[in-house]
There are 4 protein chains.
Amino acid sequence: MSTPRGIQLGVGMVGYAFMGAAHSQAWRTAGRFFDLPLQPDLTVLCGRDAAKAGAAAEKLGWRSVETDWRALLTRDDVALVDVCSPGDTHAEIAIAALEAGKHVLCEKPLANTVDEARAMVAAAEKAATQGVRSMVGYSYRRVPAVALARRLVEQGRIGEIRHVRAQYMQDWIVDPEFPLVWRLQRSAAGSGALGDIGAHIVDMAQYLTGDVLTGVSALTETFIRERPLPAKIEGPAASSGLAASGTAEKGTVDVDDAALFLGRFAEGAVASFEATRFATGRKNALRIELNGSRGSLAFDQERMNELEFYDGRSADDGGDPDTAGFRRILVTEPTHPYVGAWWPPGHLLGYEHAFTHQVVDLVRDIGEGRDPVPSFADGLRVQLVLDAVEKSASSGSWQKVAEE
Amino acid sequence: MSTPRGIQLGVGMVGYAFMGAAHSQAWRTAGRFFDLPLQPDLTVLCGRDAAKAGAAAEKLGWRSVETDWRALLTRDDVALVDVCSPGDTHAEIAIAALEAGKHVLCEKPLANTVDEARAMVAAAEKAATQGVRSMVGYSYRRVPAVALARRLVEQGRIGEIRHVRAQYMQDWIVDPEFPLVWRLQRSAAGSGALGDIGAHIVDMAQYLTGDVLTGVSALTETFIRERPLPAKIEGPAASSGLAASGTAEKGTVDVDDAALFLGRFAEGAVASFEATRFATGRKNALRIELNGSRGSLAFDQERMNELEFYDGRSADDGGDPDTAGFRRILVTEPTHPYVGAWWPPGHLLGYEHAFTHQVVDLVRDIGEGRDPVPSFADGLRVQLVLDAVEKSASSGSWQKVAEE
Amino acid sequence: MSTPRGIQLGVGMVGYAFMGAAHSQAWRTAGRFFDLPLQPDLTVLCGRDAAKAGAAAEKLGWRSVETDWRALLTRDDVALVDVCSPGDTHAEIAIAALEAGKHVLCEKPLANTVDEARAMVAAAEKAATQGVRSMVGYSYRRVPAVALARRLVEQGRIGEIRHVRAQYMQDWIVDPEFPLVWRLQRSAAGSGALGDIGAHIVDMAQYLTGDVLTGVSALTETFIRERPLPAKIEGPAASSGLAASGTAEKGTVDVDDAALFLGRFAEGAVASFEATRFATGRKNALRIELNGSRGSLAFDQERMNELEFYDGRSADDGGDPDTAGFRRILVTEPTHPYVGAWWPPGHLLGYEHAFTHQVVDLVRDIGEGRDPVPSFADGLRVQLVLDAVEKSASSGSWQKVAEE
Amino acid sequence: MSTPRGIQLGVGMVGYAFMGAAHSQAWRTAGRFFDLPLQPDLTVLCGRDAAKAGAAAEKLGWRSVETDWRALLTRDDVALVDVCSPGDTHAEIAIAALEAGKHVLCEKPLANTVDEARAMVAAAEKAATQGVRSMVGYSYRRVPAVALARRLVEQGRIGEIRHVRAQYMQDWIVDPEFPLVWRLQRSAAGSGALGDIGAHIVDMAQYLTGDVLTGVSALTETFIRERPLPAKIEGPAASSGLAASGTAEKGTVDVDDAALFLGRFAEGAVASFEATRFATGRKNALRIELNGSRGSLAFDQERMNELEFYDGRSADDGGDPDTAGFRRILVTEPTHPYVGAWWPPGHLLGYEHAFTHQVVDLVRDIGEGRDPVPSFADGLRVQLVLDAVEKSASSGSWQKVAEE
């Protein structure tokens with residue numbers, strides 16, 4: 001760039017697969033559409049394989065490369081560490097980064113175990129006292145339609161919430177010949193659909209309601225228990241764990257293909273959740289519906305620019321029952337959250353925009369000295385629910401969600 | 001009618017509220033569009049209050065009136081008893097009618113208790129040996145889109161079923177001032193949303209999959225625990241228990257407002273069910289989705305002329321992945337179940353048509369000497385699931401569904 | 001029926017094909033759900049072929065049969081003549097019936113020519129002075145969602161109307177082997193898609209806006225100019241002209257397969273119309289959208305229980321722009337037009353219900369001494385537009401719609 | 001960037017308003033997701049006001065600034081001129097750039113007059129002989145769903161095309177107080193809705209069919225003939241001409257608010273077009289439907305990640321009529337056009353992605369020595385149709401579209 005753009009925020013990103021690509025796009029783009037107090041600089045990308053990391057850095061636009069994440073903690077030009085590596089590495093990296101005074105953006109799930117998540121929360125709270133900020137990457141909160149839904153709930157537009165109904169449905173492993181990628185291995189991924197996509201709907205449900213789940217009843221299922229071992233392949237598609245080809249040899253799937261659970265919220269709502277990779281034809285269908293005493297809201301990530309809102313007020317309460325109906329709000333108006341920085345009404349945003357919004361909010365929080373949300377504590381609250389789900393699925397009984 | 005229309009089938013109907021109106025329309029209409037081996041005759045309507053029953057008979061087109069259902073059993077001009085009275089009366093009437101050699105059409109749920117349902121099945125099986133037929137009124141099976149869905153499942157179009165996802169959502173008691181009508185009283189209704197609408201989705205799930213639920217995990221909730229006692233009002237709206245006005249005095253709601261449960265099918269599918277009267281904005285949203293190894297199906301009773309079908313076959317298997325997508329089948333083609341007797345393509349059918357189809361199938365089965373479906377045994381299978389749901393909701397644990 | 005139901009209204013119906021079946025169902029059903037001042041009696045069905053007419057009468061529930069429509073005019077037990085025969089017979093029958101003092105319900109289009117239509121209007125106006133009523137059967141006006149749309153327009157909910165956008169799309173003759181049935185012959189049908197389905201959208205547009213078209217610019221097209229001559233087949237499907245099989249011999253199609261036209265309304269709105277039988281996959285897609293200065297309305301007959309309404313008011317005007325969106329009103333509430341007589345909310349109505357509503361309104365108008373709408377004059381207004389469309393399509397120039 | 005990324009392609013962009021922002025995002029992003037033979041370099045941004053252009057360059061990521069577009073033609077580091085200035089400047093800039101040996105990407109419409117457009121085509125054809133490439137920016141062709149639609153048409157999946165039905169509906173000037181911005185002034189914008197958005201649907205219709213319009217019949221309307229003169233405001237919103245505030249003084253609107261036209265294609269299809277800024281509630285609803293002898297396609301830019309496809313083949317032809325229905329293809333599969341470079345299935349793309357795809361194709365064409373499409377000749381073909389529309393709207397008669 002020819003011209004100085006104010007104080008920079010040096011970013012070091014660990015990992016460069018699916019999430020790394022999404023985060024890179026966000027870091028590159030945020031300042032091009034939004035006014036930021038600090039300008040993100042794509043300072044360093046970190047990956048264990050120097051050649052691959054170098055190629056990724058060139059492709060994604062990072063200035064330099066490291067092969068050991070610890071190197072990021074000692075670099076003066078890195079102010080923030082962005083953790084995009086698999087879940088089993090989150091705790092170690094994030095805690096060390098925070099202790100080194102680096103702000104941290106950590107991909108979800110916060111960790112693979114509750115113990116790790118608790119340690120991360122402790123580290124984040126300690127660091128916050130020094131002005132070091134942390135955020136967990138539940139990016140769907142920053143889809144404009146989701147943020148608008150939260151605004152409407154806060155305004156009391158749907159009243160007291162009775163029902164939450166959430167599904168996250170995909171179908172990428174319906175084929176029994178789809179190989180045993182790392183996302184299907186407990187050692188790397190922690191769990192299957194539950195931690196990968198179930199985590200998103202738990203976070204979104206708690207975010208939208210402003211409430212927490214207190215207990216669950218669950219079942220999990222692995223429909224295909226043996227799969228071909230994966231062939232070695234190259235490129236981001238491979239590392240994403242979402243596309244691959246298999247070999248003749250087979251291995252055991254030790255994570256859930258689907259997790260279903262019922263739940264109760266502290267303030268009285270009841271809920272139904274379903275996370276599955278076997279919903280043939282549903283590609284990335286994160287759906288959530290809230291029914292309240294005055295109205296309802298419904299969202300589907302496959303139509304992420306739309307929010308459905310039902311105004312159920314009686315005529316006495318200002319409603320118009322004769323014309324009541326779920327309205328399809330195209331969430332592309334300048335008054336809608338985040339939208340004003342982008343295009344005119346009716347011009348859609350895509351998947352990666354939520355990551356850009358995440359960066360925008362994080363950089364503003366850092367610049368203006370606020371603690372970002374979702375915090376690590378929010379991330380822990382999700383882990384506690386997932387943990388209860390697994391326990392309930394094992395025991396066949398209702399399981400209370402542990403306190404933080 | 002001026003002209004003889006062949007052998008008649010004399011019908012005696014017990015009850016004349018919401019279901020009575022729907023059944024009357026079906027008996028009047030079936031022979032006008034379909035060729036039937038016997039012509040239904042609206043012989044006698046039975047209701048305890050002679051004046052009201054007489055008015056209803058005149059309105060709905062019945063030839064005569066009785067005030068005691070036992071009188072129907074001795075009339076030679078009654079060949080079939082149609083039981084549309086509340087659930088707590090079903091067993092006594094249906095069993096007596098079968099023993100008297102009358103065919104029986106019994107509204108759902110089959111009974112309010114499993115014991116009653118078992119006795120009814122025994123009576124039905126005994127009667128069947130004498131050529132006396134019985135059917136339980138899960139009318140939604142005869143919505144053309146639902147029948148088409150079953151046909152596609154039978155043809156293997158969606159392969160092995162992995163997921164069933166069913167909701168029946170209404171919102172007619174969201175207002176806390178809605179009074180304590182009989183449908184909200186355990187003594188008359190047996191249960192709340194569970195038996196009223198939950199029964200439908202259990203039956204539909206078992207019908208569409210051709211499989212049975214073996215276990216469940218459930219929660220039930222009563223959001224509004226006290227409601228105004230109902231004012232005395234007249235007319236069918238009142239007797240339907242769906243519309244009413246209240247008094248100043250309050251009473252206790254002792255049925256569920258919502259019932260949510262997870263389940264497992266014998267052949268391996270997992271399922272999520274939700275029946276609620278608190279889904280603000282959802283009026284009669286009976287929804288079901290099935291995901292299988294080769295495709296998916298989705299249905300919504302609020303768009304009952306449509307069936308969504310996803311053909312998920314690979315190219316090797318004859319599929320065309322590039323154009324895969326949920327297709328909105330407008331189920332109004334002459335080749336679709338029941339449709340040929342009605343209107344040209346694109347001309348919709350309504351709620352009551354399923355009742356007409358029910359009568360058509362029943363009369364044909366009687367005329368041609370077949371046992372109709374859904375049988376009382378099918379009705380019992382639903383009751384056993386509902387019973388397990390209630391037990392699981394009480395215990396907080398997984399509950400096996402009892403054998404018939 | 002065993003019981004007297006008040007004063008009867010004897011109906012004589014001419015024709016018994018598709019429309020005859022729909023009208024019969026309406027006459028049979030109206031009094032079963034609605035309170036009527038007179039009870040329709042299915043007195044006599046008239047058809048030229050005694051055997052076929054007799055079979056139809058038995059099937060559809062008519063008491064007696066005539067083979068010459070003139071016989072109806074002299075029967076004392078016939079108070080109303082229902083004209084369901086092809087368009088080229090309407091004028092003669094309707095005028096004679098009115099002159100004989102019979103009320104007339106005449107299927108649309110009112111006539112095949114403007115001259116005939118004018119004569120019918122004159123006869124209707126003369127008869128009206130004697131209390132003899134007439135109505136033309138634009139039944140779609142009585143779909144509850146359409147009637148609700150009109151109510152909202154009248155209430156000013158969409159403000160000043162700018163745009164009307166209407167299509168009536170079918171696809172039943174896409175196959176070039178579909179035979180040359182009477183609906184594809186100018187001598188019997190008058191025109192093709194234009195008069196059959198284009199007439200409906202012209203009437204609906206004029207009805208919903210409360211305005212009249214003053215000029216049009218049109219094109220018409222016949223994609224398949226030769227078709228197999230039809231085989232002789234039996235049954236209602238054949239007589240509907242909608243389904244048939246062909247022979248080896250071919251004949252010339254002399255009507256339009258599709259008619260497209262632009263128009264201007266007296267009060268300033270502009271409009272686009274399209275009627276076609278070649279919209280592959282669209283079965284009975286009568287769609288209309290109105291855009292006004294304060295809001296919009298959209299309707300699709302393939303989802304006839306729904307009305308889409310967009311409230312476009314500014315915040316100053318009582319609107320809520322942040323939640324603005326097309327709302328899907330499920331037009332099944334008791335406060336919606338006609339709905340209160342039927343089922344609870346969310347229970348759909350079908351195609352034939354609009355015919356029942358037509359009968360209800362007509363019988364009430366007769367009983368209460370009002371002139372029904374749509375009047376023959378309304379029917380003429382449609383014919384004048386269709387006439388201008390044909391002239392414009394021939395001349396390639398803008399064509400004014402003639403005054404009545 | 002730390003690392004060399006191969007041969008660069010220096011870009012000079014003229015204009016920096018709405019289109020400038022979209023193009024900048026495309027130039028920045030294309031190489032981050034796609035493999036390109038040349039790496040775009042955001043070399044210089046050109047704007048008349050040095051301060052504003054400088055601020056824009058910093059914001060959007062351009063290296064340097066010029067205030068006279070002629071300066072770009074002499075810079076060695078500029079290989080391509082990207083013309084994003086208003087339509088009345090296109091011809092002069094584009095022709096000069098081509099003559100200077102610079103590749104040209106020119107925003108649509110190609111020009112404000114047919115004469116200008118013809119001169120541009122001549123310049124482009126001459127330049128092409130020297131390997132200098134040109135493209136007109138009908139970016140919607142590169143929405144994946146649109147490109148997939150074209151692929152399906154080319155494969156014969158919908159057979160012979162009968163109908164094209166296209167609307168481009170917006171509502172941003174419904175309010176009469178919306179001021180007289182440059183887009184509402186003939187001198188700057190050439191026309192109103194017609195040239196701005198009508199041009200898009202004409203191009204898309206010709207692209208998808210692979211056919212050309214030969215004649216049209218049109219009407220245009222200006223609903224609000226006087227509007228407040230605009231207040232001076234700053235920023236991209238102002239320069240986009242899409243948002244503004246007004247003053248007390250009024251001026252005359254001399255462009256169309258809406259343009260409607262019928263058309264005929266060379267190969268026999270008939271068409272209906274509508275471009276309007278008065279479709280209340282429709283924000284950016286570019287819709288197109290094609291009906292063919294074997295199937296249909298439908299697209300709506302407000303749901304731009306979806307394509308609806310109806311497979312209308314008979315059973316003899318490999319179809320399955322019983323399950324025929326419009327299928328909602330979520331155009332997010334790796335095998336769909338452009339999608340493989342982005343995210344996993346079900347993860348949506350947004351408005352600006354089409355601009356990125358435009359850059360990708362253009363850069364590849366340049367690198368690989370091909371003439372890009374849409375060519376200036378394609379752009380001229382659109383202008384000729386728009387010209388015929390205006391003539392027909394004036395004359396009230398059918399208007400042939402001129403030959404190129």
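**Strand pairing, core and contacts in a predicted model**

Colleague: In this predicted model, which residue stands opposite B:Arg327 in β16(D)?
Modeller: Start with the strands. β16(B) pairs with strand β16 (residues 326–330) of chain D, antiparallel, over 3 bridges. Within that pairing, the residue facing B:Arg327 is D:Arg327.

Colleague: Which residue of β16(B) is the bridge partner of B:Glu306?
Modeller: Look at strand β15 (residues 306–311) of chain B. It runs antiparallel to β16(B), and 4 bridges join them. For B:Glu306, the partner in β16(B) is B:Leu330.

Colleague: How many residues of β16(B) are buried, and which lie on the side with B:Arg327?
Modeller: In a regular strand, side chains alternate between the two faces of the sheet. Here both faces are covered, with B:Phe326, B:Arg328 and B:Leu330 buried on one side. The count is 5 of 5 residues buried. On the other side sit B:Arg327 and B:Ile329.

Colleague: Which residue of chain B other than B:Leu45 is among those touching the most other members of the largest nonpolar core?
Modeller: That core holds 562 residues. Leu45 of chains A, B, C and D is on the list of those touching the most other members. The remaining name there is B:Met120.

Colleague: Which Phe is in contact with B:Met120, leaving aside neighbours within four places in sequence?
Modeller: The contacts of B:Met120 include B:Ala91, B:Ala94, B:Ile95, B:Leu110 and B:Ala111. One further residue completes the set: B:Phe376.

Colleague: Which element gives the largest share of the side of chain B that touches chain A?
Modeller: The contact takes 30 residues from chain B and 30 from chain A. On the chain B side, the elements giving two or more residues are β7, β8, β11, β12, β13 and β14. The largest share is 4 residues, from β12(B).

Colleague: How do the residues on that side of chain B divide into nonpolar, polar and charged?
Modeller: Take the side of chain B that touches chain A. Its nonpolar residues number 12 and its polar ones 14. The charged residues number 4.

Colleague: Within chain A, which element gives the most to the side of domain 1 that touches domain 2?
Modeller: Chain A splits into domain 1 (8–140) and domain 2 (143–349 + 382–395). Their contact takes 17 residues from domain 1 and 23 from domain 2. On the domain 1 side, α1 (18–33) and α5 (114–128) each supply at least two residues. The top contributor, with 3 residues, is α1(A).

Conventions: Residues are numbered from 1 along each chain as its sequence is written. Chains are lettered from A and ligands numbered from 1 in the order in which they are written. This is a predicted model: local features need pLDDT of at least 70, side-chain atom pairs count only at pLDDT 80 or more; totals for chains, interfaces and linings use all residues. Two residues are in contact if their C-beta atoms, placed from the backbone, lie within 7 Å. Ala, Val, Leu, Ile, Met, Phe, Trp, Tyr, Cys and Pro count as nonpolar, Asp, Glu, Lys and Arg as charged, and the others, Gly among them, as polar. A nonpolar core is a set of buried Ala, Val, Leu, Ile, Met, Phe, Trp, Tyr and Cys residues joined through C-beta atoms within 7 Å. A residue is buried if 20 or more other C-beta atoms lie within 10 Å of its own, exposed if 12 or fewer, and partly exposed in between; C-beta atoms are placed from the backbone. Two strands pair if DSSP finds at least two bridges between them. Domain bounds come from an automatic or database domain assignment.
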